[in-house]
Amino acid sequence: MGDHGIFGPRSVTWRVMGEPILLVGGIRALLMQGLHPRAMRGVLQNSALMDPHEAWSRFVRTTEFVRVRTYGTRAEVERAGRRVRKIHATLTAYDPDTGTTFRLDEPAALRWVHVGEVDSYLTVARRAGVRLTDAEADAFVAEWRRAAEVVGLKAEDVPGSVAELRDYIEAERPGLRFVPEAAHPLRLSFNAPLPLLLTPLKPALPALTCLAFATLPRWARRLYGLPATPIGDLWATVTLRTLQTGLGLVPAQVRYAPAARRAHRMTAA
């Protein structure tokens, strides 16, 4: 029947991940990552984050990795994962809090990045109105254990259900904060380094970043020094649902990327 990679047409992941609204989830995942001091310092010290010549190519590589991991064959996923694991194994960063140097493939930071990604995609999808039962949400989290293995984690070391996801995040909260040497993501969004052809999209980035911030838990928004109220929660949910409804009016041939369209066809079949 063919090689459908680590997820395949029976997975919840294939049904959810192609939704364009998950662009907000991807930004939210980066914001969650930014609250883990070592994960954030690993990025800051090893990435030309604000170099306009490098930032866009880094974004493209990350986007391609997500596409391959989600829709690629097992051989393609393993090749992409091997490349990422090799890069992480060779890079280090300095932790001024402890005075130690650490590798970017240390499990604690990788686990937080993984959980932030899963939680963000799931949160945005459900709040936007993508139909997921509680059982399907648990299945989504469990399926992403396979994604954790791609970057070098053990499946049993990451959450396998929504409840485990919530418990893990709650347990990590005491060690989370926004490191002082990092520029605030909201401020960065106003001067995002985009290639010339995409300059017309620049005005939309602050709005998308604000929406992604609003989808964070209130405690996370406070760590970024931002207001955190029930009104903000309501605004985020209403905005996500409005955007998802509007996107639903766009023809599928335009709304979905080619890999997502193919996945939807195979799922329907």
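Which residue in β2 stands opposite D95? To find out in this predicted model, select strand β1, residues 92-95, together with strand β2, residues 100-103, which pair in the antiparallel sense over four bridges; the residue opposite D95 is T100. The two strands form a hairpin with four residues between them, and in the turn G99 has a positive phi of about 75°.

Stay on β1 and display its side chains, which alternate along the strand: A93 and D95 point to one face and are buried, whereas T92 and Y94 point to the other face and are not buried. In a regular strand the side chains alternate between the two faces of the sheet in just this way.

Next, select helix α4, residues 55-71, and pick out R69 within this helix. R69 counts as buried because its relative accessible area is 5%, below the 20% cut-off. Adding E117 to the selection shows a polar contact of 2.6 Å between the side chains of R69 and E117. If neighbours within four places in sequence are left aside, the residues in contact with R69 also include I6, F7, V77, W144, A147 and V150.

From W144, move on to the largest nonpolar core, which has 65 residues and in which V16, M17, L22, F140 and W144 are those with the most contacts. Helix α6, residues 107-128, supplies the largest share of this core, namely nine residues. In soluble globular proteins, nonpolar side chains tend to be buried together.

Finish by centring the view on L22, which, with neighbours within four places in sequence again left aside, is in contact with V16, M17, Y121, V124 and A125.

Terms used:
Residues are numbered from 1 along each chain as its sequence is written. This is a predicted model: local features need pLDDT of at least 70, side-chain atom pairs count only at pLDDT 80 or more; totals for chains, interfaces and linings use all residues. Side-chain values use heavy atoms; hydrogens and water are left out. Buried means under 20% relative accessible area, exposed over 50%, partly exposed in between (1.4 Å probe, protein chains only). Two strands pair if DSSP finds at least two bridges between them. A polar contact is a pair of N or O atoms within 3.5 Å; within protein, one must be able to donate a hydrogen and the other to accept it, and residues adjacent in sequence count only if both atoms are side-chain atoms. Contact means heavy atoms within 4.5 Å. A nonpolar core is a set of buried Ala, Val, Leu, Ile, Met, Phe, Trp, Tyr and Cys residues joined through side-chain atoms within 4.5 Å.
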